[in-house]
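Work through the exercises below with the structure open. Each task is followed by a stepwise solution.

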Amino acid sequence: MTETTTTTGPRERSPEFSFATSALRGLREDLFRDVRAYRPLPRAAADGPLAQLFPARIRRELEVVPHVVVLGLALVTMLVSAATYSDALTALVGGLLAAVPVALTLVRPVLAWWLSLAVAPFLLGASDQYLYPWTEGSFAGHTIVMMVVAARTRVRTAVWMWVLSWTYSMVVAAVIGGVYNDVIPLALLTGIGLVLVHLIQANRTSRRQVVQERTVTAVERDKRTLLEERTNIARELHDVVAHHMSVVAIQAEAAPYRVENPPPELEQAFVTIRENAVAALTELRRVLGVVRAEDYQAPDAPQPTLADLDKLLENVRDAGQSVTKTVTGAVRELPQGVELSAYRIVQEALSNTLRHAPGSDAAVEVSYVLGGLGLRIVNGPPSALAKPSPGAGHGITGMRERVSMLSGVMTADATADGGYEVTVFLPVAAAPAEEDGA
């Protein structure tokens, strides 16, 4: 006879069991965990629809209206509860016991609900009324507490408060017996009140979300409009500058043929002008040409790096500017963004020198340090024989934007001798191999 062993896997839980487990977990999280948590009642919005009805000078004071309302309800609860008792001392104590949970909702809402439920049997025991298990004071106070707490919590918490309050009422009514009880009135009143509170909260949340969505839509629309305006400006800039640079290149190429026996220096100057014009035109098309059409294909030419500085300095020298370069530290390959930004910063600084300090001596210092790259571009005062060109002043702004994009530091200021100095530090994270080696 063959013995068969049957292996059963983990028993699958029923949907009812999962629902009950989830519900009990929610009860523990909402009403048992962090019962004494400090959760102060938020102030009212100073720009709300109700606040708009009052002058601006008193809108600030209207922010405490919810707190005043809660304290007023606590006072009403105290008076209602005190009227239940004939003895003065008992009336005072009974009024305070019913009112304190209402006032406590201002700072500790969950604790206030438990306290309101806990004082109900004491208030009932000290009274001689026929209704039970709630006295008039505890009935009013507990209803107010539930509504205030429900307005500050989620629907699940309100449901659990209603269920536990109803359970307490049924248990006490069953123990005491009789027919003169207010179990059903409390269940109906608190149930309707909790539903109304959460409907108001849902409506308020929906309105707030609509306002936020409208605000986001308006911001996006403004950004899109600004982007379209910048796109149009970029297209016009591309068309105008590209046209004039093309004219400059053509005229520089044709100029030597209009002069009989031009000297070699003149021919070389026109060659340099044409090469710079063509290079500028190519760079302009690479940067701005993408906005002319959606299907524009940018050239595949590599972006300039610090290795191209010598060519840049040679072009500056051909334009009549004296410039030197000094490199310190161990030369290494940097991230592409840092290489390009460093090149552009040097290019813009030397362009500013050509425009605003023609005839001066310039120096470019490149420092490879442990934490990044340092740049220093300094020039002397302009020559008395040369006339500076006016500028719009956007070069420094552009350099600062590049440095800020890389979380670097930049200073730009005049020197004591009348020149100008630009210093930049671009941080570069150490490569993993370098960190391991360190």
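**Exercise 1: Helices on the sheet**

Task: Which strands does helix α10 lie across, and at what angle does it run to β3?

Solution. The model is predicted. Step one: locate α10 at residues 336–356. Step two: list the strands it lies across, namely β1, β2, β3 (372–379) and β5. Step three: read the direction; α10 runs at about 5° to β3. Now take helix α9, residues 309–318. Helix α9 lies across β1 and β2 (361–369) and runs at about 160° to β1.

**Exercise 2: Strand order**

Task: In what order do the 5 strands of the open sheet lie, and which are the edge strands?

Solution. The order is β1-β2-β3-β5-β4, with mixed pairing. The edges are β1 (322–328) and β4 (409–414), since each pairs on one side only. Ignoring direction, neighbouring strands are turned by 10° against each other on average. Next, follow β4 to its partner: 6 bridges join β4 to β5 (residues 420–427), and the two run antiparallel. Met-410 stands opposite Val-424 in β5.

**Exercise 3: A helix pair**

Task: How do the axes of α2 and α3 cross?

Solution. Helix α2 spans residues 65–82 and α3 spans residues 88–104. Their axes come within 7 Å and cross at roughly 155°. Angles over 145 degrees count as roughly antiparallel, so α2 and α3 are roughly antiparallel to each other. The crossing is right-handed. By class, the contact of α2 with α3 has 13 nonpolar, 4 polar and no charged residues. Among them are Leu-71 and Met-78 in α2, and Gly-94 and Val-102 in α3.

How values were computed: Residues numbered from 1 in each chain as written. Predicted model: local features only at pLDDT ≥ 70, side-chain atom pairs only at ≥ 80, totals over all residues. Heavy atoms only, no water. Axes fitted to C-alpha atoms, helices over the stretch in contact; angles between N-to-C directions. Helix = DSSP H or I, 4+ residues; strand = E, 2+ residues; numbered from the N terminus. Parallel < 35°, antiparallel > 145°, perpendicular 65-115°, else oblique. Left-handed = near helix turned anticlockwise from the far one by under 90°. Contact = heavy atoms within 4.5 Å. Nonpolar A, V, L, I, M, F, W, Y, C, P; charged D, E, K, R; others polar. Pairing = 2+ DSSP bridges.
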